[in-house]
Amino acid sequence: MTDIFLNRTNAILVKVLDGAAERQQAIANNIANAETPGYTRKDVAFEGTLIDIMQRDGLQPPAEIAAIRDVVTEIQDDFASPRRADGNNVQIEREMVSLAKNTLQYEATAQFLAERIQGLRNAIKEGRG
Amino acid sequence: MMRIEGVSSSIYSPQTVQRPVEPTSESPATGPSFGEQVQQAVEQINDLQNQASSLVEKVATGQIEDVHKAMIAMEHASLSFNFGLQVRNKALDAYQEIMRTQI
């Protein structure tokens, strides 16, 4: 059974929206806690896993879509970034750049998905809608 | 005074309808047939859609930075699809119009 909506591209777009929304939260947390002693900055990394699945050879659509849907987009602690004297590892400039980038990614992806849905609706209505 | 003739008088009488020339092995085919041209057009539209999808995936996952590339590809694909769709609608309307015609 093929899903008219959840094809490969739309599954990817849905996952990217999930991840970007989650990352927006992480960045908001980081900015709010920029001066909190001992705070560990949060991040969401899912693109790598997603790209791996997209580039994997011989993965057929049903399994591929299932794999895309199973990609986790969870907020994780970032222990790798260097800490300041107070034990905080947030760099506010970096967070602002991430915020701008993430907002753009979310908005662009949302628009792509909206346009694809519009295209499907148009096809269903035979262009007479 | 002008004489008004019914349309069925001469030109539309069934006897004078020209039968399409049967394709024979001797007559060389000139270019692709109508069916082949339609198929080519549909395949082109499909290719454009696939190209747009691929670009959209890459922009969404950050493999390509330029959002406009995906945007343009999407609009190109969408425009081609809609154009093809309207040609199909017109062809279907024409067919139905002919089917409704009283002989």
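Start by selecting α4(A) and α2(B), two helices that pack at an angle of about 5° with their axes 11 Å apart. Angles under 35 degrees count as roughly parallel, so α4(A) is roughly parallel to α2(B). Keep in mind as you look around that this is a predicted model.

Next, show the side chains along this pair. From α4(A), pick A108(A), F112(A), E115(A), G119(A) and N122(A); they meet V67(B), A70(B), M74(B), S78(B), F81(B) and N82(B) of α2(B). Try colouring them by class: the contact of α4(A) with α2(B) has six nonpolar, four polar and one charged residues.

**Stop 2: the whole contact between the chains**

Now widen the selection to everything where chain A and chain B touch. The contact takes 17 residues from chain A and 17 residues from chain B. Which helices of chain A should you highlight on the side that touches chain B? Choose α1 (8-32), α2 (47-55) and α4 (92-124), since each of them supplies at least two residues there. The helix you began with, α4(A), gives the largest share, seven residues. Coloured by class, this side of chain A shows eight nonpolar, six polar and three charged residues.

**Stop 3: the nonpolar core**

Stay in this part of the model and select I12(A), F112(A), V56(B) and A60(B). In the largest nonpolar core, which has 21 residues, these four touch the most other members. Both chains contribute: α1, α2, α3 and α4 of chain A, together with α1 (34-60) and α2 (67-100) of chain B, each supply at least two residues of this core. In soluble globular proteins, nonpolar side chains tend to be buried together.

Centre the view on I12(A). What is I12(A) in contact with, leaving aside its neighbours within four places in sequence? You should find L50(A) and I68(A) in chain A, and E57(B), A60(B) and T61(B) in chain B.

**Stop 4: a helix pair inside chain A**

From I12(A), turn to α1(A) and helix α3 (residues 61-69) of chain A. Their axes come within 9 Å and cross at roughly 5°, which means that α1(A) is roughly parallel to α3(A). Select R8(A), A11(A), I12(A) and K15(A) in α1(A), then P61(A), E64(A), I65(A), I68(A) and R69(A) in α3(A), and you have the residues that meet. By class, this contact has five nonpolar, no polar and four charged residues.

**Stop 5: two single residues**

Go to T49(A), which sits in helix α2 of chain A. Is T49(A) buried or partly exposed? It is partly exposed, because 17 other C-beta atoms lie within 10 Å. Draw a distance from its C-alpha atom to that of T73(A): the two are 24 residues apart along the chain and separated by 10.0 Å.

Then move to E126(A), in the segment after α4 of chain A. Most residues other than glycine have a negative phi. E126(A) is not a glycine, yet it has a positive phi of about 55°. E126(A) counts as exposed because it has 12 C-beta neighbours inside 10 Å.

**Last stop: chain B and confidence**

Finally, select chain B alone. You will see two helices and zero strands, and of its 103 residues, 13% count as buried. Colour chain B by pLDDT: the mean is 83, and 72% of its residues reach 70 or more. Over residues 7-14 of chain B, pLDDT stays under 50, and the model has four contacts beyond four places in sequence for this stretch. Where pLDDT is low, the predicted coordinates should not be read in detail. The model scores ipTM 0.87 and pTM 0.80.

Notes. Residues numbered from 1 in each chain as written. Chains lettered and ligands numbered in written order. Predicted model: local features only at pLDDT ≥ 70, side-chain atom pairs only at ≥ 80, totals over all residues. Contact = placed C-beta atoms within 7 Å. Helix = DSSP H or I, 4+ residues; strand = E, 2+ residues; numbered from the N terminus. Nonpolar A, V, L, I, M, F, W, Y, C, P; charged D, E, K, R; others polar. Axes fitted to C-alpha atoms, helices over the stretch in contact; angles between N-to-C directions. Parallel < 35°, antiparallel > 145°, perpendicular 65-115°, else oblique. pLDDT = per-residue confidence, 0-100. Buried ≥ 20, exposed ≤ 12 C-beta atoms within 10 Å, placed from the backbone. Core = buried A, V, L, I, M, F, W, Y, C linked by C-beta atoms within 7 Å.
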